[in-house]
Amino acid sequence: MKQIVIISGKGGTGKTVITGAFAALAKDKVMADCDVDAADLHLILDPEIKQSYVFKSGVTAFTHKERCDGCGVCKTVCRFEAVREDFTIDPISCDGCGFCSLVCPQNAIEMKANTSGEWFISDTRFGPLVHARLGIAEENSGKLVSLVRQKAKEIAESKNYKWIIIDGSPGIGCPVIASITGVDCAVIVIEPTLSGLHDAKRVLGVTEHFNVPVKVIINKCDLNCDITEKIERWFKDKNIKILGKVIFDKAVVNSIVEGKTIIEYSNNQVTKTLRTIWRLLEEELERAN
Ligand code: SF4
Ligand code: SF4
């Protein structure tokens, strides 16, 4: 079984469109949407949720008022000013350090696990999808990404699937690290802008640090041919393969509006390029066996 993650230096480069295309083209696969802060793979895969689970992460203090005698020790020790005048806890300010709970003489403060989001196992017309939704302003997306990947792996192993196709998190933070570690190939999607190249270099730094093999797709390559050439040269100098260049086409936006992958929506130049890219990637990863 091989794991491919599609990533980008920032959001909005077409990463999910390319993940959707691979989902449509690959046989025997499970998909994982690891862009948990802004999950949108479901918009084109239209999942039917089969199983849903609560994601718990971190703890918050909670005062059992009936046990509290009002001694005020908790308020004295809390450095986050999370203990209110009546000794209940402001959950937004509480850092979850647990100090108040430790010192309370009445054992009146309980540390309760936070519900930080949900994760799902769904059916799609292309096979199973594991995806998640992180609560607003919730942290620990790296932990949720790892959970989504672990579940996708369990499904792939139990069904003897060949591929795990992962829509990775954009950027260089904790969730992208959780998205890329241990994969067989990270495909970086780049748009031909100077900031696009700059962002891609930063994400490449992360993949190199974690020893993840990388290939590149330049998306909307005809929007700025000079920068596309510059990106090509830069990656060729680093001996990193450019899998292909995808032109800009309004059909891509229309396909998303209709909730389809571009492969299903059209048989245009974009589709042909993406078919060639997938074939190339598949062959190279199979050869790497
Ligand atoms: S330390 Fe315990 S008993 Fe004292 S005020 Fe706080 S919650 Fe109440
Ligand atoms: S857990 Fe820590 S941050 Fe939260 S109320 Fe208690 S002392 Fe304050």
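**Figure 1. The shell around ligand 2, sorted by residue class.** In this predicted model, the surroundings of ligand 2 are made up of eleven nonpolar residues, two polar ones and one charged one. The shell holds 14 residues, and those that come nearest to the ligand are Cys 78, Ala 82, Cys 94, Cys 97 and Cys 100. If you are labelling this view yourself, these five are the ones to pick out.

**Figure 2. Strand S2 and its two covered faces.** Here we zoom in on S2, which spans residues 29–33. Five of its five residues are buried, leaving the strand mostly covered. Lys 29, Met 31 and Asp 33 lie on one side of S2, while Val 30 and Ala 32 lie on the other, and both faces are covered.

**Figure 3. S2 alongside strand S6.** S6 takes in residues 163–167 and runs parallel to S2, with five bridges joining the two strands. A handy landmark for this view is Met 31, found opposite Ile 165 of S6. Met 31 is also one of the buried residues of S2.

**Figure 4. S2 alongside strand S5.** S5, residues 127–134, pairs with S2 through two bridges, in the parallel sense. Look for Ala 32, which faces Val 130 of S5 across the pairing. Like Val 30, Ala 32 is buried.

**Figure 5. The two domains of the protein chain.** Domain 1 comes in two segments, 2–46 and 125–287, and domain 2 covers 57–115. Taken over C-alpha atoms, the centres of domain 1 and domain 2 are 43 Å apart.

Notes. Residues are numbered from 1 along each chain as its sequence is written. Chains are lettered from A and ligands numbered from 1 in the order in which they are written. This is a predicted model: local features need pLDDT of at least 70, side-chain atom pairs count only at pLDDT 80 or more; totals for chains, interfaces and linings use all residues. A residue is buried if 20 or more other C-beta atoms lie within 10 Å of its own, exposed if 12 or fewer, and partly exposed in between; C-beta atoms are placed from the backbone. Helices (H or I, at least four residues) and strands (E, at least two) are DSSP runs, numbered from the N terminus. Two strands pair if DSSP finds at least two bridges between them. A residue is near a molecule or strand if its C-beta atom, placed from the backbone, lies within 6 Å of it. Ala, Val, Leu, Ile, Met, Phe, Trp, Tyr, Cys and Pro count as nonpolar, Asp, Glu, Lys and Arg as charged, and the others, Gly among them, as polar. Domain bounds come from an automatic or database domain assignment.
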